[in-house]
Amino acid sequence: MMFRRWLALVAVLFIAAPASAQVIAPPPPPEYDVQLRYRIRATRNQRIAQYAEMVQALDAAGLKREVAADDDAATDPNAERIRGTLPSTSVPAVLSQENVRTVILKPVGMPLPAGDARVTVRIDIPSGLVSDRQQLLHAQIQDQLQKVGFTQKVGYDNRGFTMLFGTLPADSLSTIIGDIRYQPGGWLAADSTIENLPEPLRSYDPIRLVEVLTELKDTPISSDATRPMVAPELEKISDDLRAFLAQEGNAAKPTRLEVVLYEPIRSDNLVWRAWLQTAGAMTIEGDIGQTVTILAPAGVAREIAVLPRVASVRLPARASDPIPVTDLATSGNALAKS
């Protein structure tokens, strides 16, 4: 009898536990305005077949497409956008399509502000990497998004580094539906080619889903959404180096800097020296692991920070405070002072 009561208690706790752990969030709207980007790289006949198969699956999912009278997307190798409306329950079915790269959702009837007025967005990124690589990809994508004005909020659940949550200028929605690895100049004038980007960003189309969220009524705007924007290149520069650069004349002073890369330097790869030196005149003093020590005018730090393989730029940390000369003169035990 005692065993049966114990088993019943365990069953009750087991059933009740998931309910208490559920995250409370507003329900999705019944229907979204949707923009999606797809990619079909194939010969003409194969493209027509793949396009027809994709469209059939999207129609079956409930996507009501906007189709122009002169639409030739099936044969146009440069066509890659579809607009329409979609039931919220069908979002997973659309994302599961092999050729669909990025989806942007906005509740039907929700007006978007104009220009650089900010909207709140949830951004899903590729998942399934091992934990350290997933975290690195999350940081790399955040760096790319900052180039188009994204400001990350603080204190949210990033779901194992698979989601970003923050605000974005409304005009940038039309930008991030494209492959942001080519930002900010677009694929014809990108900062660098994809082949020169670090892994894992090089191998993954960064943005899977962008959902424009409605702000809850009577909820104050988050402080991080209204703070002054920091230039993307300054985000990678340490606080003490920023303070140093803010002082007049320091930008031109020869200064020892540490450049931290996203990936360790391979002993058989000397190409990194060439792309690092594109930032400006410098002397590379040495490297170990992911850290390169250079001697250069301090202002070069801004140019180094925008390089896609660079994680941060900082002043070298001092091992300890120097021993005052007066202490050395009055005491023969210098080691005791260190």
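**Exercise 1. The surroundings of D124**

Task: Find which residues D124 touches, leaving out those up to four places away in sequence, and say which strand holds D124.

Solution. Keep in mind from the start that this is a predicted model.
- Step 1: Place the residue. D124 belongs to strand β5, which covers residues 118-124.
- Step 2: Look for its contacts beyond close sequence neighbours. With residues up to four places away set aside, D124 touches T162, M163, P206, I207, R208 and L209.
- Step 3: Now look at its side chain. The side chains of D124 and R122 are joined by a polar contact of 2.8 Å.

**Exercise 2. Strand β8 and its partners**

Task: Work out in which sense, parallel or antiparallel, β8 pairs with β4 and with β5.

Solution.
- Step 1: Locate β8 at residues 209-213, where 4 of the 5 residues are buried.
- Step 2: Take the β4 side. Strand β4 (residues 100-107) pairs with β8 in the parallel sense, over 3 bridges, and V103 stands opposite L209 of β8.
- Step 3: Take the β5 side. Here the pairing is antiparallel and has 5 bridges; T120 stands opposite L213 in β8.
- Step 4: Recall the background. Strands of a sheet pair through backbone hydrogen bonds, in a parallel or an antiparallel way.

**Exercise 3. The whole sheet**

Task: Give the order of the strands in the open sheet of 8 strands and name its edge strands.

Solution.
- Step 1: Walk across the sheet. The order is β2-β3-β1-β4-β8-β5-β7-β6, and the pairing is mixed.
- Step 2: Check the ends. The edge strands are β2 (64-65) and β6 (151-152), each of which pairs on one side only.
- Step 3: Zoom in on β6. It runs antiparallel to β7 (residues 163-169), with 2 bridges joining them, and T151 stands opposite T167 in β7.
- Step 4: Add a helix. Helix α4 (residues 131-146) packs on the sheet and touches β5, β6 and β7, with its direction at about 5 degrees to that of β7.

**Exercise 4. The two sides of helix α2**

Task: Explain why the buried residues of α2 line one face of the helix.

Solution.
- Step 1: Set the scene. Helix α2 (residues 44-60) lies across β1 (31-38), β2 and β3 (81-87), and runs at about 165 degrees to β1.
- Step 2: Check its length. Its 17 residues reach 24 Å from the first C-alpha to the last, close to the 24 Å expected at 1.5 Å a residue.
- Step 3: List the buried residues of α2: R47, Y51, M54, V55 and L58.
- Step 4: Look down the axis of α2. The buried residues fall within an arc of 100 degrees, so they line one face of the helix.
- Step 5: Link this to helix geometry. An α-helix has 3.6 residues a turn, so residues three or four places apart point the same way.
- Step 6: Compare the two sides. The buried residues of α2 pack against β1, β2, β3 and α3 (91-95), while the face turned away from the buried side carries the exposed residues N45, E53, Q56 and A60.
- Step 7: Go just past the helix, where G62 takes a positive phi of about 105 degrees.

**Exercise 5. A lysine in β4**

Task: Decide whether K106 counts as buried or exposed.

Solution.
- Step 1: Find K106 in strand β4.
- Step 2: Apply the cut-off. Buried means under 20% relative accessible area, and K106, at 14% relative accessibility, therefore counts as buried.
- Step 3: See what surrounds it. Leaving out residues up to four places away in sequence, K106 touches Y32, D33, L112 and V212. A polar atom of the K106 side chain lies 2.7 Å from the backbone oxygen of M110.

Key: Residues are numbered from 1 along each chain as its sequence is written. This is a predicted model: local features need pLDDT of at least 70, side-chain atom pairs count only at pLDDT 80 or more; totals for chains, interfaces and linings use all residues. Side-chain values use heavy atoms; hydrogens and water are left out. Buried means under 20% relative accessible area, exposed over 50%, partly exposed in between (1.4 Å probe, protein chains only). Two strands pair if DSSP finds at least two bridges between them. Contact means heavy atoms within 4.5 Å. Axes are lines fitted to C-alpha atoms, for helices over the stretch in contact, and angles run from 0 to 180 degrees between N-to-C directions. A polar contact is a pair of N or O atoms within 3.5 Å; within protein, one must be able to donate a hydrogen and the other to accept it, and residues adjacent in sequence count only if both atoms are side-chain atoms. The expected span of a helix is 1.5 Å times one less than its number of residues. The arc is that of the directions from the helix axis to the C-beta atoms.
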